[in-house]
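Here are some exercises to work through with the viewer open. Try each task on your own before you read the solution beneath it.

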Amino acid sequence: MSVTVGVREFRQGLAEYIDQAEPVMVTRHGQMVGLFIPVRRDREAEVAAYAEAAKRANALLAQLGADEVVAEFQALRKADSEARGQ
């Protein structure tokens, strides 16, 4: 089942419609002009993906040596600043 709202109401309540699970039929003067289908994200999967990325980054830093990575980053920043004339 979907909710039906006018364009003005949809615009004003967009934040609420994004968070709900059911589609929203948008109308103008009683005629359908659009259909909004909110996408539910799997937040647990996102958190797990970020945790895995952090784990890999830490392993890479340990493998390369954090001091080397920091020195390379600083060298790149310095080169960028010089290229920009700062």
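## Exercise 1: The hairpin turn

The hairpin that β2 and β3 form has 2 residues between its strands, and His29 takes a positive phi near 55° there. Bear in mind as you work that this is a predicted model.

**Task.** Work out where His29 sits, and whether it is buried or exposed.

**Solution.**

Step 1. Place the residue: His29 belongs to the loop between β2 and β3.

Step 2. Check the backbone. The phi of His29 is positive, about 55°, although this residue is not a glycine.

Step 3. Look up the accessibility. His29 has a relative accessible area of 78%, and exposed means over 50%. His29 is therefore exposed.

## Exercise 2: Building the sheet

**Task.** Find the order of the strands in the sheet, and say which strands are at its edges.

**Solution.**

Step 1. Begin with β1 and β2. β2 covers residues 24-28, and it pairs with β1 in the parallel sense over 4 bridges.

Step 2. Move on to β2 and β3. These two run antiparallel and are joined by 5 bridges. Within this part of the sheet, Met25 stands opposite Leu35 in β3.

Step 3. Put the pairs together. The result is an open sheet of 3 strands in the order β1-β2-β3, and its pairing is mixed. The edge strands, each pairing on one side only, are β1 (3-6) and β3 (31-36). On average, neighbouring strands of this sheet are turned by 30° against each other, direction ignored.

## Exercise 3: A residue in β2

**Task.** Describe the surroundings of Thr27: which residues is it in contact with, leaving aside neighbours within four places in sequence?

**Solution.**

Step 1. Locate Thr27, which lies in strand β2. Thr27 is also the bridge partner of Gly6.

Step 2. List the contacts. Beyond its neighbours within four places in sequence, Thr27 touches Thr4, Val5, Gly6, Val7, Met32 and Val33.

Step 3. Judge the burial. Thr27 has a relative accessibility of 15%, and the cut-off for buried is under 20%, so Thr27 counts as buried.

## Exercise 4: Aromatic rings

**Task.** How many aromatic pairs does the structure hold, and which residues do they link into a cluster?

**Solution.**

Step 1. Count the pairs: the structure has 2 of them. One is formed by Phe10 and Tyr17, whose ring centres are 5.6 Å apart with 20° between the planes, a stacked arrangement.

Step 2. Follow the ring pairs. They link Phe10, Tyr17 and Phe36 into a cluster.

Step 3. Check the accessibility of the stacked pair. Phe10 is buried at a relative accessible area of 16%, and Tyr17 is buried too, at 9%.

## Exercise 5: Two helices

**Task.** Compare the span of α3 and of α4 with what is expected at 1.5 Å a residue.

**Solution.**

Step 1. Take α3, residues 43-64. Its 22 residues should span 32 Å, and the end C-alpha atoms are 31 Å apart, which agrees. Gly65 follows α3 and has a positive phi near 95°.

Step 2. Take α4, residues 66-84. This helix of 19 residues reaches 27 Å from its first C-alpha to its last, close to the expected 27 Å. Just after α4 comes Gly85, with a positive phi of about 80°.

Step 3. Add the surroundings. Of the 19 residues of α4, 0 are buried, so the helix lies largely in the open. In α3 you can look at Glu46, which is partly exposed at a relative accessible area of 30%. Glu46 and Leu35 are 11 residues apart along the chain, and their C-alpha atoms are separated by 27 Å.

## Exercise 6: The whole chain

**Task.** Decide whether the protein is spread out or a compact globule.

**Solution.**

Step 1. Set out the elements. There are 4 helices and 3 strands, in the pattern β-α-α-β-β-α-α along the sequence.

Step 2. Compare the radius of gyration with the globule rule. The rule gives 12 Å for 86 residues, while the protein has 24 Å, well over that value, so it is more spread out than a compact globule.

Step 3. Add further figures. The C-alpha atoms fill a box of roughly 65 × 40 × 15 Å along the principal axes. Buried residues make up 10% of the 86 residues. Of the contacts with a separation of 6 or more, 4% are between residues 24 or more positions apart.

Key
Residues are numbered from 1 along each chain as its sequence is written. This is a predicted model: local features need pLDDT of at least 70, side-chain atom pairs count only at pLDDT 80 or more; totals for chains, interfaces and linings use all residues. Side-chain values use heavy atoms; hydrogens and water are left out. Two strands pair if DSSP finds at least two bridges between them. Axes are lines fitted to C-alpha atoms, for helices over the stretch in contact, and angles run from 0 to 180 degrees between N-to-C directions. Buried means under 20% relative accessible area, exposed over 50%, partly exposed in between (1.4 Å probe, protein chains only). Contact means heavy atoms within 4.5 Å. Rings of Phe, Tyr and Trp (its six-membered ring) pair if their centres lie within 6.5 Å; planes under 30 degrees apart count as stacked, over 60 as edge-to-face and the rest as tilted. The expected span of a helix is 1.5 Å times one less than its number of residues. The radius of gyration is taken over C-alpha atoms; the globule rule is 2.2 Å times the number of residues to the power 0.38.
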